[in-house]
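Reader: I'd like a close look at a single part of this model rather than a tour of everything. Could you pick one helix and walk me through what surrounds it?

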Amino acid sequence: MEMRDFEELGSCDLELTEAAQRAEYRMDLLLINAPNDQSISSIANDGAFPALAIISLGSALHARLPHIEFLALDGQVGGEEAILLALEREKPRIVAVSCLAASYGPTLPICAKAKQVGAITILGNDHAVVHHAQILQRD
């Protein structure tokens, strides 16, 4: 398992890891806590809580499937741009995004980028559960 934080990602400044330089390489899974929408962040919790959903999921996956390579990113810490860069660099096979009402806006370009790099995209958490029909009807 390889877990890196945003500081380490920033330090590599778009350099590919040794494994990523091989043409066949694709990270297995990218877990994302979407950042809050800046237009409503003044009324949201502004990232007051750690990204427990992706931390819990990542911990459970590592315990049961230690051979799976994944990266967990918290958009409340690194922001949307860092997530988009990580998606372009890592080209994961699966992207799982935790989305609340306050983070739905930034979730859309993140999911669009995930699909652009060929990832299976999974959307979860409160907003995705409550509004699944409307989300699936979007173009």
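Author: Here is a walk around helix H4, followed by its neighbours.

Keep in mind that this is a predicted model, so everything below is computed from predicted coordinates.

Let's start with the helix itself. H4 has 13 residues and spans 19 Å from its first C-alpha to its last, close to the 18 Å you'd expect at 1.5 Å a residue. Which residues of H4 are buried? They are Tyr 104, Pro 106, Thr 107, Ile 110, Cys 111, Lys 113 and Ala 114. These buried residues cover an arc of only 165° around the axis, so they sit on the same side of H4. As background, an α-helix has 3.6 residues a turn, so residues three or four places apart point the same way. On the face turned away from the buried side, H4 carries the exposed residues Lys 115 and Gln 116. After the helix comes Gly 118, with a positive phi near 90°.

What does the buried side pack against? The partners of H4's buried residues are S1, H3, S3, S4, H5 and helix H6 (132–137).

Now the strands. S3, H4 and S4 together make a right-handed β-α-β unit. S3 and strand S4 (residues 120–124) run parallel and are joined by five bridges. One residue to click on here is Val 97, whose bridge partner in S4 is Leu 123. Val 97 also touches Thr 107, Ile 110 and Cys 111, and its other contacts include Ile 32, Ala 34, Ile 122 and Gly 124, leaving aside residues up to four places away in sequence.

That brings us to the core. The largest nonpolar core has 16 residues, and the ones touching the most other members are Leu 30, Ile 32, Leu 87, Val 95, Val 97 and Ile 110. Strand S1 (29–33), strand S2 (70–74), helix H3 (75–90), strand S3 (94–98) and helix H4 (104–116) are the elements that give two or more residues to this core. H3 gives the most, with four residues. There's also a second, separate core of eight residues, which includes Leu 61, Phe 70, Ala 72 and Ala 96.

Leu 61 is a handy link to another helix, since it is one of the buried residues of H2, along with Ile 54 and Gly 58. Seen down the axis of H2, the buried residues fall within an arc of 65°, so they line one face of the helix. They pack against S1, S2 and S3. The face of H2 turned away from them carries the exposed residues Leu 52, Ala 63 and Arg 64. As for length, helix H2 (residues 52–64) has 13 residues and reaches 18 Å between its first and last C-alpha, close to the 18 Å expected at 1.5 Å a residue. Ile 55 also belongs to H2, and at 43% relative accessibility Ile 55 counts as partly exposed.

Back to H4 for one more stop: its packing partner H5. Is His 127 buried or exposed? His 127 lies in helix H5 (residues 126–130) and is buried, with a relative accessible area of 14%, because the cut-off for buried is under 20%. Setting aside residues up to four places away in sequence, His 127 touches Cys 99, Leu 100, Ala 101, Tyr 104, His 132 and Ile 135. Tyr 104 will look familiar: it is one of the buried residues of H4.

Notes
Residues numbered from 1 in each chain as written. Predicted model: local features only at pLDDT ≥ 70, side-chain atom pairs only at ≥ 80, totals over all residues. Heavy atoms only, no water. Buried < 20%, exposed > 50% of the residue type's maximum accessible area, 1.4 Å probe, protein only. Contact = heavy atoms within 4.5 Å. Core = buried A, V, L, I, M, F, W, Y, C linked by side-chain atoms within 4.5 Å. Pairing = 2+ DSSP bridges. Right-handed = clockwise from strand over helix to strand, strands pointing away. Expected span 1.5 Å × (residues − 1). Arc of directions from axis to C-beta.
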